[in-house]
Every structure is written in C-alpha cells, then in structure tokens.
Amino acid sequence: MLRHREIQPGQAPGQDTLQGAPDSPRRRPHPLAIPEILCLLAEFLDQQTTLDAMKVSRAWRTAFTPYLWKDAQMNMSMPEREPPYNTVLMNAHFVHTLRLRCKHTVALKHPILPFSLSNFPTCRNLSKLTIEIMDTNNNGTLFSLILQHSMFLTSVSLTAAVGPLENPSDLWNALVKCIHLRQLEYAGMRLTDPSEHMELYLMLWSRLDVLKLSGDWCAPGTLDNPVFIIPKGLDDPISEIPGSGRLRDLTIEGTHMHRDKMKAQAWMIKQCSATLTRLYWKPKSWLRAVEKASPMNYVFSLIAMGQCPNLETLLMPGLDYSLDIFTELVKKMRRLTEIDLAATNFGFWEWTTLQTLPWHMSAIRVLHLEGCLNMTGVIIQDMLCSLPSLESFKAGNLWDIDIIDDPRPWICKDLKELVLTIVFRTSPHPHRMIQSRLSSLLRLEICELNRPHDECFRMTLQSGLDRLGSLRRMRRFHVQAGKDAPWAMWKEEEVEWALKHWPFLEELSGVALTARAQQLLCRHRIRYAPTRFRS
Amino acid sequence: MPVTLTSLDNQEFKVDKEVAERSILIKNMIEDVGESDAPIPLPNVSAAVLTKVIEYCEHHRNDPVQVQDETDDPRKRSNDIEEWDMKFMQVDQEMLFEIILAANYLDIKPLLDVGCKTVANIIKGKTPEEIRKAFNIVNDFTPEEEAQIKKENEWAEDR
C-alpha cells in the first residue's frame with residue numbers, strides 16, 4: 001500500500017503541465033501529476049487506452065510505460081507487429097508476462113533476442129511465458145529463453161500449431177530447471193521417449209498447481225486395478241509414484257482415443273485425486289462409459305468413493321454417462337460449483353436429483369448444458385428461477401411460452417454470462433417478457449441469443465432493445481442474424497444507443513449492420529463480426 | 001464506540017470505530033494510541049471531502065475484507081462499479097480527485113479503486129488531445145518526441 005506523500009507545492013514532477021480546476025486556487029499538485037496515482041490508474045486501463053495515455057504528456061508517458069510492457073504480446077509472424085529491437089532492449093525489464101507467436105527462423109536482430117541472450121541482464125520480472133510456435137524446427141532460441149529465466153518463471157504455456165517438437169528433451173531440460181514453476185500448459189507436442197516421461201511426472205507432482213495437457217502424449221506407470229495392464233513397450237515402469245502434493249487444476253483434452261492412453265490419463269487423475277479442485281477431461285472421443293472396465297468408470301469410482309474430496313467441478317462434456325453414475329457423483333461432491341455436461345443426456349432426472357441437494361442448488365456458479373437433447377425450456381426456466389449463485393449459464397431451447405405464464409423472477413442476479421436459444425411461438429418478435437427478464441440481470445457481461453435453425457432474432461430499438469438499457473456491464477453481445485432479414489438490421493441509432501447504454505461494449509456479433517453503423521462501431525474500436533466470434 | 005476525527009479546517013466528526021477503521025491509517029493510529037478519547041487529526045483532508053469519505057465508509061461498513069483477485073488478466077476491470085458507488089462518484093472533477101487523494105492518504109483501498117476506476121472510465125475511448133482537454137493537461141512533447149513514441153509503440157496499437 002502506498003505511503004502518504006507529503007504534498008507540498010512544487011514537489012510533484014510535471015506539475016507545471018497541470019493547471020488544476022480553473023477556478024480553484026490549488027496549492028497542492030494535481031493528482032494526475034502524482035506518479036503514484038498514475039500507477040494506480042494504470043492498472044485499470046486496457047492496452048489501447050494505455051497507449052493513448054502515453055501520448056498525453058511526458059509525465060504520463062513515464063508513468064504508463066511500465067504498464068504497457070507488463071503484459072507484452074508480440075506476434076513475430078507478422079513484421080508490422082514486431083516491436084523495434086532497441087525498444088525491446090530498453091523495456092525488457094518491465095515485462096512480467098511475455099506472449100509470443102513465432103515462426104522457426106529467428107533473425108539476429110529479432111526482438112525477442114534480448115530476452116534470451118545470456119549476457120543480457122536477466123529480466124527478474126519475467127514470470128509468465130506463453131509461446132505459440134508455428135513451426136517446430138530449430139527452436140533453440142526459445143528453449144534458451146526458458147533457461148535464461150528459469151529462476152523466475154512461474155508459468156509456462158507452450159503450443160505447437162504444427163506437428164511435434166524436434167527435440168523435446170531440450171524442452172524438458174529447460175522446464176526441469178524452472179524451480180518455481182507452478183503452472184504448465186503444454187499442447188500439440190508429442191512425447192516419444194518413455195524415459196522422458198519420468199522426469200516430467202516427478203517434476204510435475206512435486207511442483208505444479210496447474211497442469212494443462214492436450215495433444216498426443218502418454219504416461220507410464222501401473223494402475224492399481226488389475227484390469228489396467230501396462231502396455232507393452234514401456235521399460236521400467238514406476239509402480240508407485242508419491243501422490244502429488246499440490247496439483248489442484250488438471251486439464252487433459254484432445255488426445256486420441258487410444259485405450260491405453262486413456263488408462264494412463266485415469267492413472268494421472270488418481271495420482272492427484274486428493275488435492276484436485278478442478279478437473280477437465282475431454283478426449284477427442286469417448287470410450288463408452290457403460291463398460292465397467294472403462295477408464296471413465298475408474299475415475300467416476302474414485303470420485304464416488306470420496307477420493308477427490310476437494311473437487312469443485314464436474315466437467316465432462318460429450319460423455320455418455322448413466323443417471324446412477326451422475327447421482328452417485330454429485331452426492332459425493334460436497335464442493336461442486338461448476339458443471340459442464342454439454343452434449344450429454346442431462347435432462348429432467350438429473351435436474352430432479354440436483355434439486356434434492358440444497359447445498360448444490362445454492363452454490364452452483366457455472367452450468368453449461370448446450371446441446372443436451374433431453375433438456376426442455378421448462379427446465380431452463382426452472383433453473384434460472386432457482387439457482388441464486390449462477391454466474392455462467394449456457395443452455396439450449398427456451399420457449400417464450402415457458403416464461404410468459406411463469407410469475408417467478410429470474411433469481412440469478414450475479415449472472416455474468418448467458419447463452420440461450422430462444423424459440424418464439426406466441427409472436428414473430430421477442431416477447432417483452434424475455435427482454436424484461438434479461439433487463440433484471442444487471443451484472444450481465446456476455447449475452448448470446450440464438451434462434452433455432454436459421455431464424456432471425458430481431459433485437460432493434462423498434463422491437464424492445466431499449467429494455468436492455470440497464471445492462472451497463474455488457475461487454476459482448478451476440479444476436480443471431482438470419483439470412484435476408486433487413487428488418488432486423490442495426491442502424492446508426494442502434495449503435496448509438498449501445499454506445500450510450502453499454503459503455504464497456506467490446507464485441508458485437510451476429511446482428512447485421514448498415515454500412516454507417518459499422519463505421520460508427522469501428523470508430524469506437526468495438527470488434528464486430530457478422531457471425532459468431534471464435535472463442 | 002465513537003471516535004472523533006478532525007479535518008484540515010478543524011471540523012470534528014464523530015463516527016463509529018468500525019466505520020473509521022475502514023481506513024487502515026486510522027485503524028493503525030487507534031491501535032498505537034490505545035484507549036483514548038483524543039480526536040484523531042487528519043490535516044490533509046478538508047471537511048467537505050471527509051464528509052464524503054465517511055459517507056462511503058458508513059455505506060460499506062459491513063463489507064468483507066478485499067481479497068486480491070488472481071485471474072489470468074493482469075489488468076483489473078473498471079466496468080464493475082456498483083450502482084451506489086457510481087452515484088456516489090457523480091461529483092465534479094475537483095471533488096473526484098480530492099476523494100482519490102484522501103483515500104490514498106487514509107489507506108482505504110476499495111474507495112481508492114472506485115476512484116481510479118471512475119477516472120479510468122473517463123479516459124477510455126478518448127484521444128490524447130481529448131484526455132488533455134478533460135483534465136487541463138498541457139502537451140509538453142516536441143514533434144520529434146511524438147514521432148518517436150509513435151514509432152516505438154506502433155506494434156502494440158489495435159488495428
């Protein structure tokens with residue numbers, strides 16, 4: 001916390017550039033001339049605003065420069081997005097988070113070189129590194145970047161967009177040296193030598209809080225269920241690895257549906273079952289859970305036997321489970337707050353089960369149930385009227401008739417994110433009941449409203465858009481635009497209305513815009529897409 | 001149990017201890033001095049500003065202690081000002097800055113955050129010249145310096 005500055009006339013730098021209010025005999029410096037106040041302010045400015053602020057005056061440039069570089073994003077596959085080399089040299093020490101997209105060739109004068117030169121003063125502040133590699137040949141510079149900062153890095157994220165790494169052992173050598181590493185995200189890279197896995201897992205279990213793995217990989221080790229036999233070809237498996245002391249957030253996704261690999265994943269989950277609070281497990285496709293010997297059932301039985309007492313999430317979208325399993329799991333999960341069972345058979349019976357668990361009903365914050373064919377509008381309406389802590393809700397078809405005759409209000413006042421498909425049966429236009437329900441969600445920031453098939457959602461000023469004027473925190477708004485529906489287009493008036501009532505709007509999508517409306521949005525730097533943005 | 005706070009212009013304000021202790025500075029002062037009826041002097045805060053600060057602390061007297069929000073995004077958000085706080089901050093610019101200075105001096109982090117968020121929202125979306133106009137700031141850059149900043153930071157600009 002800042003200590004109070006003794007404010008005396010003439011002490012603050014740059015004071016002569018600030019006049020103060022015209023009719024007030026200000027003896028003290030203007031707060032916006034005090035560097036400490038500018039620093040506090042800087043934490044609330046997005047990147048573009050910081051850039052604009054740096055052009056205001058010399059004092060502002062000095063105060064805000066560290067914040068521009070604190071989270072530095074460089075796309076080195078686009079030359080116009082590369083910062084000048086000398087600029088990077090001057091400001092590298094401000095960087096806490098470095099996000100790079102790069103190709104394999106690294107020119108001598110490449111901007112990231114200062115970070116990886118061994119004679120460059122180490123950036124003690126660089127604690128978080130995100131690298132997306134477009135081509136996996138010749139990545140020596142990147143690994144030396146990790147090595148150079150191994151004493152300070154706490155978070156590393158590596159994604160290979162194309163193919164496996166050429167020398168994965170270089171990567172492991174660099175990562176093992178990062179003794180303070182707590183978060184590791186590793187995607188799209190293939191591990192080929194089983195002996196490399198040992199180091200990885202020994203390192204992981206003792207250090208990491210958060211691990212995200214996707215792409216093709218496998219793990220060694222035995223599983224204590226005799227059904228799980230070590231696949232042939234692995235040498236010297238370790239039969240017992242000490243349980244993880246720390247791992248609380250584990251994501252495994254996109255791996256191939258090879259049975260042995262899924263067994264290995266289940267084994268991983270077992271190793272950290274006691275400390276896990278968040279588990280997201282989504283292979284490319286699922287083995288059917290009805291098979292008793294399946295890896296999924298193994299993990300379910302871990303949870304059902306209470307071996308994951310801290311688990312707060314049930315994130316298994318696309319999984320074909322049985323109602324018995326669901327009931328067993330949720331009853332055992334005393335800290336459950338987040339459910340993602342999109343594209344599953346979640347429906348009436350599961351909702352009935354949840355309603356018998358008052359703690360869960362009051363605690364659920366995230367509920368994602370898109371594409372669940374057994375879900376009905378009545379259930380969706382019921383959920384919105386009975387889950388008070390809901391912050392993110394994604395579901396399918398809500399019919400206007402489900403809402404109109406129901407006097408109960410939507411009680412999810414903390415809802416920040418809502419994705420729904422609305423079906424109109426009473427009239428071709430959105431019923432005011434839907435709009436007035438939406439307008440009561442004062443904390444809504446992300447709103448996506450779809451229609452079935454290609455139908456269009458008309459949300460213009462003439463059809464009640466102004467009822468949503470209370471949603472001041474709106475950041476992303478999507479309404480599905482149908483084909484050839486000029487009566488649903490947004491004109492300048494709609495954009496002006498949005499700019500006035502939704503001052504934090506960052507993205508608008510789905511709705512069709514007139515050319516002038518589009519220009520107005522562009523001038524205010526609001527991103528627009530005629531279809532959905534890729535998340 | 002009430003404590004007495006004395007403003008820069010010697011006006012006395014009696015407030016509950018719980019309300020006064022929303023200010024960490026005052027809280028520490030009370031702990032150091034112990035049981036005492038002596039008024040606490042606040043020579044850097046005028047009566048008008050202190051009135052506003054006390055109003056804020058009264059309204060938020062039961063708020064839980066703020067925990068640092070550890071999210072992936074290092075930048076804090078400014079779109080989440082509560083309705084009451086937004087109305088509270090609808091004051092002229094001079095008072096807004098006086099409140100920020102007072103919150104900084106008195107170490108009332110939530111009030112400081114709200115003040116900074118309010119100013120951040122004024123700044124957002126404005127060009128540099130519009131920002132200068134809003135706060136009466138003189139442009140002290142030479143044209144060469146302006147060109148240099150543009151060159152140095154072009155890579156980070158939104159397209």
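## Where the two chains meet

Between chain A and chain B, the count is six salt bridges. Keep in mind that this is a predicted model, and have it open while you read. If salt bridges are new to you, here's the basic idea: side chains of opposite charge can pair when their charged atoms come close.

One bridge to look up joins Glu82(B) and Arg473(A), with N and O 3.9 Å apart. The cut-off for a salt bridge is within 4 Å, so the 3.9 Å of this pair counts. Glu82(B) and Arg473(A) also belong to a network of salt bridges, together with Asp414(A) and Arg443(A).

There's plenty more going on between the chains. In total, 59 residues of chain A are in contact with 53 residues of chain B. Together the two chains bury about 5700 Å² between them, and 57% of that is on carbon and sulfur atoms. On top of the salt bridges, look for polar contacts: 12 residue pairs make one across the interface of chain A and chain B.

Which elements of chain A give two or more residues to the side that touches chain B? They are α1, α2 (47-53), α3, β1 (71-75) and α4 (85-91). Helix α2(A) gives the largest share, with seven residues. Sorted by class, the side of chain A that touches chain B has 27 nonpolar, 13 polar and 19 charged residues.

## Helix α1 of chain A and its cover

Now zoom in on helix α1 of chain A, which covers residues 35-42. Its buried residues are Ile37(A), Leu38(A), Leu40(A), Leu41(A) and Ala42(A).

What covers these buried residues of α1(A)? Part of the answer sits in chain A itself, namely α3 (58-70). Chain B joins in too, with α5 (93-106) and α6 (109-123) among the covering elements. To picture how a helix presents its residues, remember that an α-helix has 3.6 residues a turn, so residues three or four places apart point the same way.

## Salt bridges inside chain A

The whole structure holds 31 salt bridges over all chains. A good one to find is Asp382(A) with Arg408(A), where N and O are 2.9 Å apart. These two residues sit 26 residues apart, so you'll be looking at distant parts of the chain: Asp382(A) is in helix α14 (residues 377-386), while Arg408(A) is in the loop between α15 (400-404) and β13 (417-423). Asp382(A) is buried at 18% relative accessible area, whereas Arg408(A) is partly exposed at 33%.

Another bridge pairs Glu445(A) with Arg475(A), with the closest N and O atoms 2.8 Å apart. Glu445(A) lies in the loop between α16 (432-439) and β14 (446-450), and Arg475(A) in the loop between β14 and β15 (476-479), so this pair ties together parts that are 30 residues apart in sequence. Are the two partners buried or exposed? Glu445(A) is buried, at 3% relative accessibility, and Arg475(A) is buried as well, at 12%.

## A salt bridge in chain B

Chain B has a pair to look at too: Lys150(B) and Glu154(B) meet in a salt bridge, with N and O 3.6 Å apart. Lys150(B) is exposed, at 54% relative accessibility, while Glu154(B) is partly exposed, at 39%.

Chain B also comes with a note from a database. An unreviewed UniProt entry lists residues 3-62 of chain B as "domain: SKP1 component POZ". Over that stretch the chain is 45% helix and 18% strand, and the end C-alpha atoms are 18 Å apart.

## A closer look at Ser150(A)

Next, find Ser150(A) in the loop between α6 (140-148) and β4 (155-160) of chain A. Is Ser150(A) buried or exposed? With a relative accessible area of 9%, Ser150(A) is buried.

A polar atom of the Ser150(A) side chain lies 2.9 Å from the backbone oxygen of Leu147(A). Leaving aside residues up to four places away in sequence, Ser150(A) touches Lys177(A), Cys178(A) and Ile179(A).

## Stepping back to chain A

Finally, zoom out. Chain A has 18 helices and 17 strands. Of its 535 residues, 53% are buried. Among chain A contacts between residues at least 6 apart in sequence, 74% join residues at least 24 apart.

Technical notes:
Residues are numbered from 1 along each chain as its sequence is written. Chains are lettered from A and ligands numbered from 1 in the order in which they are written. This is a predicted model: local features need pLDDT of at least 70, side-chain atom pairs count only at pLDDT 80 or more; totals for chains, interfaces and linings use all residues. Side-chain values use heavy atoms; hydrogens and water are left out. A salt bridge is a side-chain nitrogen of Lys or Arg within 4 Å of a carboxyl oxygen of Asp or Glu. Helices (H or I, at least four residues) and strands (E, at least two) are DSSP runs, numbered from the N terminus. Buried means under 20% relative accessible area, exposed over 50%, partly exposed in between (1.4 Å probe, protein chains only). Contact means heavy atoms within 4.5 Å. UniProt positions are given in the numbering used here, feature names are shortened, and annotations may be inferred rather than shown by experiment. Buried area is the accessible area (1.4 Å probe) that two parts lose on being put together, summed over both. A polar contact is a pair of N or O atoms within 3.5 Å; within protein, one must be able to donate a hydrogen and the other to accept it, and residues adjacent in sequence count only if both atoms are side-chain atoms. Ala, Val, Leu, Ile, Met, Phe, Trp, Tyr, Cys and Pro count as nonpolar, Asp, Glu, Lys and Arg as charged, and the others, Gly among them, as polar.
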